[in-house]
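Open your viewer and keep the selection box handy. We will go from stop to stop, picking a few residues each time.

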Amino acid sequence: MHADDERAGLMFMTYLHVNRLLPKRWTAPAKKYPSMPRSTWRSLAAICFAVGAVIGAVVRPGDAPLMIGSAILFGLIATGVGMWVIETLWLRRDRGVIGGSPPPSR
């Protein structure tokens, strides 16, 4: 490439930018429901995983590799199910019934 080609390309991109002809960047849509605070979510997820891992280790005692695999599997399942239940209850308790009428005014 020559310097003239680079300069022409830069001038063209500057023209598009100044006149706002470049495509707009994607932005996330507004949230439908508020989010649980991240620190709360992480601590509850860790608790769910720990409880599931203990249950998985108790279910499959004996051989160490099978016990560890069972503990990890149960921990992941407990995290998925537990956090779904916790988030659903958190939304219903703090934000009113999902999909229904708003909570009564006080």
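Start by selecting Ile47, Val51, Ile55, Val59, Leu73, Phe74, Ile77, Val81, Trp84, Val85 and Leu89: in this predicted model, these residues make a nonpolar surface patch of about 1,000 Å². Now colour by helix, and you will see that the elements giving two or more residues to the patch are α2 (38–59) and α3 (64–95). Which of the elements gives the most to the nonpolar patch? It is α3, with seven residues. Ile77 is a good one to click on here: this patch residue lies in helix α3.

Next, select Ala46, which you will find in helix α2. Is Ala46 buried or exposed? The answer falls in between: Ala46 is partly exposed, because its relative accessible area is 46%, and the partly exposed class runs between the buried cut-off of under 20% and the exposed cut-off of over 50%. Keep Ala46 selected and add Met83. Draw a distance between the two C-alpha atoms, and you should read 9.9 Å, although the two residues are 37 apart in sequence.

For the last stop, move to helix α1, residues 3–18. From the first C-alpha to the last, this helix of 16 residues reaches 22 Å, close to the 22 Å expected at 1.5 Å a residue. Try a surface view here as well: of the 16 residues of α1, one is buried, so the helix lies largely in the open. Finally, step past the end of α1 to Arg20, which follows the helix and has a positive phi, near 55°.

Conventions:
Residues numbered from 1 in each chain as written. Predicted model: local features only at pLDDT ≥ 70, side-chain atom pairs only at ≥ 80, totals over all residues. Heavy atoms only, no water. Patch = residues over 30% accessible without salt bridge, like charges linked within 9 Å, V, L, I, M, F, W, Y side chains within 5 Å. Areas by Shrake-Rupley, 256 points an atom, 1.4 Å probe, with all protein chains shown as cover. Salt bridge = Lys/Arg side-chain N within 4 Å of Asp/Glu carboxyl O. Helix = DSSP H or I, 4+ residues; strand = E, 2+ residues; numbered from the N terminus. Buried < 20%, exposed > 50% of the residue type's maximum accessible area, 1.4 Å probe, protein only. Expected span 1.5 Å × (residues − 1).
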